[in-house]
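This report describes the nonpolar cores, the sheets and one buried acidic residue of the structure shown below.

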Amino acid sequence: MTAVSPDYLVVLFGATAGATGSKLGSDETELVQLVWQVIDLAVPKVGVVHEVWIRPDRLEVTEECKERTKLDVENLRSAPELEQALRQFNQSVSNELNIGVGTSFCLCMDGQLHIRQVLHPEASKKNILLPECFYSFFDLRKEFKKGCPGSADINELDVAAMVDYLGLPKDSSVYRFGISEVEDMGNIILTLISEPYNHRFSEPERVNYKFESGTCSKMEIIDDNTIIRARGLPWQSSDQDIARFFKGLNIAKGGAALCLNAQGRRNGEALVRFVSEEHRDLALQRHKHHMGNRYIEVYKATGDDFLKIAGGTSNEVAQFLSKENQVIVRMRGLPFTATAEEVLVFFGSHCPVTGGKEGILFVTYPDGRPTGDAFVLFSCEEYAQNALKKHKDLLGKRYIELFRSTAAEVQQVLNRYSSAPLIPLPAPPIIPVLPQPFLPAVNVRDCVRLRGLPYAATIEQILDFMGEFSTDIRTHGVHMVLNHQGRPSGDAFIQMKSTERAFLAAQKCHKRTMKDRYVEVFQCSAEDMNFVLMGGTLNRNGLSPPPCLSPPSYTFPAPAAVIPSEAALYQPSMLLNARALQPTAAYYPAGTQLFMNYTAYYPSPSGSPGSLGYFPATANIGNIPPHSGATVVRMQGLAYNAGVKEILNIFQGYQYAAEDGLVPAQDQSRTLLSNPKEWVCI
C-alpha cells in the first residue's frame with residue numbers, strides 16, 4: 001500500500017487523554033481522538049476532514065486535555081474502542097481513495113510522536129494488529145525543513161510555525177482542536193508541492209515490524225547517544241518483551257541485551273541500542289512506563305556499557321549465532337555428562353533443534369569441563385514454545401530449567417566463564433594457600449565439605465555438629481569459607497585424618513540439623529578444597545574451578561613482590577601491601593601462570609579441636625620476641641583506641657604470654673602508629 005512516491009497522502013492527527021504537544025505520549029495515557037484528511041498529490045486537492053472519538057479503557061481525562069480539546073467526558077462513554085476506530089479509519093480511507101492496482105498512499109504526521117509514542121505502544125499493549133500503512137509515514141516537519149531550508153530548527157517547528165513561515169491565511173475565529181491542525185497541514189502540503197518549492201515526498205520514515213536478533217563484536221564502535229539502560233524488568237522477560245515495550249522505536253539489530261548478576265541470573269536490567277539518537281531520546285520519554293504491573297526506569301547509558309554486556313569475540317559463539325531469525329532457549333542444570341544426542345532426544349520431534357547438533361552450544365570452563373548450561377536454537381516461535389513446555393522435565397535424574405534467551409545473554413555467559421582473573425601473581429614457584437606442614441596429599445578423599453551451614457555458625461559449633469568425628473579432624477583442619485564481603489558463605493571444609501573417617505563422617509553427619517537447618521556433608525579431596533582456597537567458587541552444582549589458570553591470550557607484566565603465604569588466609573584488605581617473600585613450596589606445576597581471584601570465596605583462619613582461632617607461624621616475624629612453643633594470632637578489625645587491657649579481656653581463659661607478647665602491627669596504609677588497628681598476639 002506504500003510506495004516511495006505515493007499517489008495520496010493521508011494527514012493523520014491524534015490526541016490522548018493527557019499531555020499534548022512535545023510531551024504527547026510521555027504520560028502513557030490512552031488515545032481519545034483521531035482526525036484525518038486525504039490529499040491527492042496528482043491533482044492536487046484535499047478531501048473531507050474526518051473525526052472519530054475513542055473510548056479509553058480508563059475514563060480519566062486530565063484538565064489540560066479538557067481545556068485544549070473541549071472534550072466532554074460523557075461523549076466518550078458511547079464512543080468506539082481503539083480497534084473499532086482503526087477499522088473505521090481504514091474503511092473510510094479505502095472508500096475515498098477507491099484503491100486499485102498501482103494506487104498507493106502514505107500517512108503524513110506532524111512529527112514522530114503520534115505514530116511512535118502513541119499509536120504503536122497502545123496497540124501493542126492492547127494486542128491490536130495495526131494495518132500495514134501504520135509502519136511507514138512522512139514526518140511533515142522534516143519534509144518542510146527539506147523544502148524550506150531557511151526555516152527554524154526541526155525541534156522548534158510545529159503546524160503554527162510552518163503556517164507563519166509560508167504566510168498562509170488563518171481563521172482564528174473558528175478553532176476546533178485536531179480539525180484545525182489537519183486543515184492547516186493540508187494547506188502546507190499543497191503549498192510545498194506547488195511552485196516555487198516543488199517538493200517531492202519520496203523517503204518515508206519506517207517503523208520496524210519486529211526485533212531482529214544478532215551478534216555484536218567487542219571491536220565495534222558504538223555511538224554513546226544511542227544506548228539506554230532499562231531497569232526494573234520482570235526476571236522472565238526476553239528481548240522480544242523489551243522490543244514490545246519500546247514498540248514504535250527502531251532498535252538496532254541485536255540491540256537488546258539482558259544483564260546477568262554474579263550468579264548468572266537476570267538482574268532485571270537491560271541495555272538497549274537504538275538506530276539513532278532521535279529514537280534514543282524518544283525512549284527516554286518512556287521512563288516509568290509499565291510492562292505489565294511493573295514500571296520500567298529508563299536512563300542514558302554508554303556504548304562501552306553495551307559492549308561489556310553484548311560484545312563477544314569467540315568464533316564458536318559467532319558461528320552458533322550466525323543463523324539469523326532463530327529463537328534461543330537456555331538450558332540450565334544439565335548433567336555434566338550430558339551429550340548433544342541426549343539433548344535432541346529430550347526435546348523430541350515436536351520441537352526439533354535447528355541444525356541438529358550444530359544448534360546446541362554447551363557452556364564450558366576454560367579447561368573444557370561442562371558447567372551444566374547450554375543454549376539451543378529453534379527455527380520458529382511455535383517450536384520454542386513447545387520446548388519451553390518441557391521446563392523442569394527430567395534429563396537423566398536431573399530436572400532441567402528452560403528459559404527464553406538472547407544473543408547478548410549467550411555472549412555474557414560465555415564471557416563470564418572465560419573472563420580473565422583479576423590479580424596476577426608472579427611466575428612459579430607459587431606459594432601454597434595452606435602452610436607447608438599442612439599441605440594434604442593429592443587425589444586422596446580425606447576431606448569433607450559442609451554445605452548449608454547457618455551464617456552465624458562458629459568453628460566450635462561445627463565441631464559439636466561433627467560429634468564423635470571431631471576427634472578425627474587434623475590440627476587446624478577446619479576451614480570456613482567466606483564470601484568477598486568477609487561474611488560466612490554457609491560452606492566449610494574439614495580435613496580428616498584418614499579417608500575412612502571422612503567417608504563415615506559424610507555418611508553419618510549428612511543432613512544433621514544445626515540451628516533448625518539441615519546441613520549437607522560430602523566427602524571430597526584435598527584438590528577440591530584447594531580449588532576454593534585458591535580462589536575457586538562454589539555453586540549449587542558443586543565446585544567451580546578457580547580462575548587461576550589464565551588462557552594463553554592473556555598476558556600480564558610480572559610484579560616484583562610475592563604475596564606472603566600466611567596472608568592468603570585473610571581478607572583481601574590485608575593484601576594491600578604485599579612484601580617480598582621467597583615461597584616455601586609450589587602447589588601448581590612449574591610454568592603455569594597463576595592468578596588469584598579475591599572477588600570470589602576465600603578461607604577464614606582455620607581451627608581444630610585442640611586449637612581454635614589461631615594459626616601457627618610459618619614465617620619469621622622479626623619484631624616478635626622469641627617464645628618457646630608460642631603460637632601467633634593475628635587480630636583484625638580492632639577499634640583504633642583498643643589497648644592491651646581490652647585485648648587481654650578477649651583472651652580470658654586462654655594461656656598467653658606476658659604483655660610484652662602483644663605487638664602492634666603497623667598499618668602502612670593509615671600510618672596510625674599510636675593507635676594501630678591490628679595486633680599480633682603470642
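How many bridges join E11 to strand E12, and in which sense do the two strands run? In this predicted model, three bridges join E11 to E12 (residues 294-300), and the two run antiparallel. One residue pair within this ladder is Met-291 with its bridge partner Arg-294 in E12.

**The five-stranded sheet**

E11 and E12 belong to an open sheet of five strands, ordered E9-E10-E8-E12-E11 and paired in the antiparallel sense. Strand E9 (251-260) and strand E11 (289-291) are the edge strands, each pairing on one side only. From one strand to the next, the twist averages 30°. Helix H14 (residues 407-417) lies across E9 and strand E10 (266-274), and its direction makes an angle of about 45° with E9.

**The four-stranded sheet**

Another open sheet consists of four strands in the order E15-E16-E14-E19, again with antiparallel pairing. Strand E15 (360-364) and strand E19 (401-405) each have a single partner strand, so one side of each is left without a neighbour in the sheet. Neighbouring strands here are turned by 25° against each other on average, direction ignored. Within the sheet, strand E14 (residues 327-332) pairs with E19 over five bridges in the antiparallel sense; Ile-328 has Ser-405 of E19 as its bridge partner.

Two helices lie across this sheet. Helix H12 (residues 340-347) crosses E14, E15, strand E16 (370-378) and E19, whereas helix H13 (residues 381-388) crosses E14, E16 and E19. The helix-to-strand angles for both sheets are collected here.

| Helix | Reference strand | Angle |
|---|---|---|
| H12 (residues 340-347) | E15 | about 125° |
| H13 (residues 381-388) | E19 | about 155° |
| H14 (residues 407-417) | E9 | about 45° |

**Strand E23 and its partners**

Strand E23 (residues 488-496) is largely enclosed by the rest of the structure, because eight of its nine residues are buried. E21 is joined to E23 by five bridges and runs antiparallel to it; here Arg-449 has Phe-493 of E23 as its bridge partner. Strand E22 (residues 473-482) also pairs with E23 in the antiparallel sense, over six bridges, and Val-478 is matched with Ile-494 of E23.

**Asp-446**

Asp-446 lies in the loop between strand E20 (423-424) and strand E21 (447-451). Is this residue buried or exposed? Its relative accessibility is 3%, and it therefore counts as buried, the cut-off being under 20%. The side chain of Asp-446 makes a polar contact of 3.0 Å with the side chain of Arg-474. Beyond its sequence neighbours up to four places away, Asp-446 touches Arg-474, Ile-494, Gln-495, Met-496, Ser-498, Thr-499, Ala-502, Cys-524 and Ala-526.

**Nonpolar cores**

The largest nonpolar core has 51 residues, and Leu-12, Phe-89, Leu-107, Phe-134 and Phe-246 are those with the most contacts inside it. Helix H3 (residues 82-97) supplies the largest share of this core, six residues. A second, separate core has 28 residues, among them Val-159, Ile-179, Val-182 and Leu-190.

What does Phe-134 touch, leaving aside residues up to four places away in sequence? The contacts of Phe-134 are Leu-12, Leu-86, Phe-89, Leu-107, Ile-115, Leu-119, His-120 and Val-207.

Key
Residues numbered from 1 in each chain as written. Predicted model: local features only at pLDDT ≥ 70, side-chain atom pairs only at ≥ 80, totals over all residues. Heavy atoms only, no water. Core = buried A, V, L, I, M, F, W, Y, C linked by side-chain atoms within 4.5 Å. Buried < 20%, exposed > 50% of the residue type's maximum accessible area, 1.4 Å probe, protein only. Contact = heavy atoms within 4.5 Å. Polar contact = N/O pair within 3.5 Å; in protein donor to acceptor, adjacent residues only side chain to side chain. Pairing = 2+ DSSP bridges. Axes fitted to C-alpha atoms, helices over the stretch in contact; angles between N-to-C directions.
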